[in-house]
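Visitor: I'd like a close look at just one part of this one. Could you pull it up and stay with a single helix?

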Amino acid sequence: MSEPFRHEGSGSLPLARFRYQETADAAANAPAPIRMFLENVGFDFQANPSRVPDGFYDEKLDKARLELIDRMTETLSNRALRKAIERKNDQCNFDHRAFMTSVVTAKPIKLDENGNVFRIIPKRPSLTPRRRRPRPV
């Protein structure tokens, strides 16, 4: 999964980076149609390590994530590109289908002010004994 951020240069296109260097390397070495797709939607091929667990994204980035999904959907509306990606998907280490699934199905998670995952500490269970129902004989 990726972490969206704003490009600091002169362009205003929101960029996204991969969480893991291995994923960034696989994407950078993917066939041309897959690389072209990723570049067109705003990815660069660098990693941006994150403390957010797999399957989740920082809830503060919800708007940027939705913009990224919109750009992905719009780019994949190009039928020729979509077919080229499908043909090349099995020929590389970057699984485009799994990547798309992870981006779309990720759930929001709350981070504290230090960027760590906000954890809710459950209350301690009551120490009073539970009432038990009598068993039928």
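Visitor: Let's take α4: what covers its buried residues?

Guide: Bear in mind that this is a predicted model. The cover over the buried residues of α4 includes α2, α3 and α5. The buried residues themselves are L81, A84 and I85. Because they span an arc of only 100° around the axis, they end up on the same side of α4. Flip to the face turned away from that buried side and you'll find the exposed residues R79 and R87. Back up to the start of the helix, and there's a polar detail: a side-chain oxygen of N78 comes to within 3.1 Å of the backbone nitrogen of A80.

Now for what α4 plugs into. The largest nonpolar core has 22 residues, and those with the most contacts inside it include F18, F37, M72 and F99. α4 (79-88) supplies at least two residues of this core, and so does each of β2 (14-18), α1 (21-28), α2 (32-41), α3 (62-76) and α5 (96-105). In general, nonpolar side chains in soluble globular proteins tend to be buried together. For a feel of the packing, try F99: leaving out residues up to four places away in sequence, F99 touches F18, L38, F43, M72 and F94.

Zooming out, the chain has five helices and five strands, running β-β-α-α-β-β-α-α-α-β along the sequence. Buried residues account for 34% of its 137 residues. And of the contacts with a separation of 6 or more, 70% link residues 24 or more positions apart.

Terms used
Residues numbered from 1 in each chain as written. Predicted model: local features only at pLDDT ≥ 70, side-chain atom pairs only at ≥ 80, totals over all residues. Heavy atoms only, no water. Core = buried A, V, L, I, M, F, W, Y, C linked by side-chain atoms within 4.5 Å. Buried < 20%, exposed > 50% of the residue type's maximum accessible area, 1.4 Å probe, protein only. Helix = DSSP H or I, 4+ residues; strand = E, 2+ residues; numbered from the N terminus. Contact = heavy atoms within 4.5 Å. Arc of directions from axis to C-beta. Polar contact = N/O pair within 3.5 Å; in protein donor to acceptor, adjacent residues only side chain to side chain.
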